[in-house]
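Me: I have a structure open and would like to go through some of its details. Can we take it piece by piece?

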Amino acid sequence: MVFSSLEFIFQFLPVFLMIYYLIPGGWKNLWLLAGSLGFYFYGVRDTPFYFVLLILSILVNYRIGVLIGRRRVGRLRKRWLVCGVLYNLFWLILFKYASFFVQNINLLLKMAGVSRNFSVFTPVLPVGISFYTFQAISYLVDVYRKSVPCEGSLVGFGMYISMFPQLIAGPIVTYSSIRAQIGRRRITFRQIEDGLREFTIGLGFKVLLANRIGGLWSQVQAIGYESISTPLAWLGLAAFSLQIYFDFCGYSLMAKGLGAMMGFKLPDNFNHPYMSRSMTEFWRRWHMTLGSWFRDYVYIPLGGNRRGGLLTFRNLMAVWFLTGFWHGASWNFILWGLLLFLIMSAERLGLLAVLERWSFLGHLYMLFVIPLTWLVFAVTDIGQIALYLQRLFPVFARQKQFVYFSGDYLKYGKLYAISLAAGLIFMTDIPGRIYRRHRYSLITAIGLLAVFWLCVYCMRLGLDDPFLYFRF
């Protein structure tokens, strides 16, 4: 059951919200906890241990938080923090990275001439584990730092960890940003209306833009990278770049809208990143809650930029290595993170000043760099990445003769022209400015209603795909 499903929109959500609004304020947290656990259990019902894993995360982190919070000084606080962080990382590493490590150890043994192989454990990744693990770690660290007191209510803490709008794909919500809202929050008709509007916009981004544009990338993959022309290779990368943006931004808007309907103000996760003039600016606008998490809990604790140039670059490399590895247990994600580190290091060494001074040059630079970085992200096979690069830059290709249909880009360009054009418009802030100016007008309400029912029609036809970030 996902947000962009008829089951969620017409069954789960109406029943949940009706009861949520009718029960007294003191019971709302308990009902939200119950609804969130039910939502998650339904999603992992074929593997019930994953539900047990979430329950354990709530119970263990709640208890460790209390043990840290009760002791104002002493080594025992630090020991409990270390135990809590290791506990959370253990499950994440086991389910997400264990098979990657074992496969690479086996490869090294084979290269060394050792015949022994370790058996590979390849479980299905529990939905949302990357997100709720980071939330639990940030909570324990903040309690240890005395930035916030420990949460005294198990129901309140369980609701914070498992709240269904952001449970399975973020945004990553820190306890400090939502603490006051856990204990007390007001729900007004204007909040509910704004939440419905934001949810509808996010649904439109996902169903009408991401799913449709993603079809072009799927076509490119189905054809095979060796059988596409250079224009279609660039067109395919442009399609993936737009797909992943509208897919994840759409989910984040739906999560924020659902939170608003329940009285919560969840953080923004995107701020028109494709309008950036540099990769440094891009990553201040893209998946902002993940960037803030790594800044607050990795970069700054390592020393940030306070210990000189070399250590600053070391800290940046650690952050981007971990950012890449967080997205997936594959070498292409590590390569992607290190590529971002190299690009931003070059910007830090002087390129950024040039890009910020000449805006046109900065936008042109990003038009070229963004698709190339997404290529490394999207294609998991390193050999296939090299092949795709040869199609992008045929002058450097080892194989000079490729067999492909010379008019392929015209065929698919016409087929997806309207979707791509809409994506290019909505990735800017122009539609947002118009919407904010006329948010409560009748024409806007009619437009959003039309978007909603068009999405429902598409979902009814089965024209819907899983969210890309569910795999992370």
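Me: Is Arg295 buried, partly exposed or exposed?

Reply: This is a predicted model. In this model Arg295 is partly exposed, because its relative accessible area is 41%, which lies between the cut-offs of 20% for buried and 50% for exposed.

Me: Which residue does Arg295 form a salt bridge with?

Reply: The partner is Asp296, and the closest N and O atoms of the two are 2.9 Å apart. Asp296 also counts as partly exposed, at 24% relative accessibility.

Me: Which residues are joined into a network by salt bridges that share partners?

Reply: Arg190, Glu193 and Arg197 are joined into one network that way.

Me: And how many salt bridges does the structure hold?

Reply: Eight salt bridges. One of them pairs the side chains of Lys206 and Asp247, at 2.8 Å from N to O.

Me: Where do Lys206 and Asp247 lie?

Reply: Lys206 is in helix α9, residues 189-223, and Asp247 is in helix α10, residues 230-261, so this salt bridge ties together parts that are 41 residues apart in sequence.

Me: Are Lys206 and Asp247 buried or exposed?

Reply: Lys206 and Asp247 are both buried.

Me: Why would side chains like that pair at all?

Reply: Side chains of opposite charge can pair when their charged atoms come close.

Me: What about Arg285, which side chain does it meet in a salt bridge?

Reply: Arg285 meets Glu281, with 3.0 Å from N to O. Both residues lie in helix α11, which covers residues 279-285, and they are four residues apart, about one turn of the helix. Arg285 and Glu281 are both buried.

Me: Switching to helix packing. At what angle do α2 and α6 pack?

Reply: The angle is about 40 degrees, and the axes of α2 (residues 25-43) and α6 (residues 154-162) are 9 Å apart. The two helices are therefore oblique to each other, since the angle falls between 35 degrees, under which helices count as roughly parallel, and 65 degrees, where roughly perpendicular begins. The crossing of α2 and α6 is left-handed.

Me: Which residues make that contact between α2 and α6?

Reply: From α2 there are Asn29, Leu30, Leu32, Leu33, Ser36 and Leu37, and from α6 there are Val155, Gly158, Met159 and Ser162. The residues of this contact comprise six nonpolar, four polar and no charged.

Me: Now α3 and α6. How do their axes cross?

Reply: The axes of α3 (residues 48-70) and α6 cross at roughly 130 degrees and come within 10 Å. That makes α3 oblique to α6, because the angle is above the 115 degrees that ends the roughly perpendicular range and does not pass the 145 degrees beyond which helices count as roughly antiparallel. The crossing of α3 with α6 is right-handed.

Me: And which residues meet there, between α3 and α6?

Reply: In α3 they are Leu54, Ser57, Ile58, Leu59, Asn61 and Tyr62; in α6 they are Leu154, Phe157, Gly158, Ile161 and Ser162. Sorted by type, the contact of α3 with α6 has seven nonpolar, four polar and no charged residues.

Me: Back to α10. Is Cys249 buried or exposed?

Reply: Cys249, which is found in helix α10, counts as buried, because its relative accessibility is 7% and the cut-off is under 20%.

Me: What does Cys249 touch, leaving out residues up to four places away in sequence?

Reply: Cys249 touches Phe205 and Phe270. Cys249 and Phe205 are 44 residues apart in sequence, and their C-alpha atoms are 7.5 Å apart.

Me: What about Ala238, where is its place?

Reply: Ala238 is in helix α10. Ala238 is partly exposed, with a relative accessible area of 30%. Its C-alpha atom is separated by 47 Å from that of Arg63, and the two residues are 175 apart along the chain.

Me: Last topic, backbone angles. What is phi of Lys146?

Reply: Phi of Lys146 is near 65 degrees, which is a positive value in a residue other than glycine. Lys146 sits in the loop between α5 (129-145) and α6, and is partly exposed at a relative accessible area of 39%.

Me: And phi of His272, what value is it near?

Reply: Near 45 degrees, again a positive value in a residue other than glycine. His272 lies in the loop between α10 and α11.

How values were computed:
Residues are numbered from 1 along each chain as its sequence is written. This is a predicted model: local features need pLDDT of at least 70, side-chain atom pairs count only at pLDDT 80 or more; totals for chains, interfaces and linings use all residues. Side-chain values use heavy atoms; hydrogens and water are left out. A salt bridge is a side-chain nitrogen of Lys or Arg within 4 Å of a carboxyl oxygen of Asp or Glu. Buried means under 20% relative accessible area, exposed over 50%, partly exposed in between (1.4 Å probe, protein chains only). Axes are lines fitted to C-alpha atoms, for helices over the stretch in contact, and angles run from 0 to 180 degrees between N-to-C directions. A crossing is left-handed if the near helix is turned anticlockwise from the far one by less than a right angle, and right-handed if clockwise. Contact means heavy atoms within 4.5 Å. Ala, Val, Leu, Ile, Met, Phe, Trp, Tyr, Cys and Pro count as nonpolar, Asp, Glu, Lys and Arg as charged, and the others, Gly among them, as polar.
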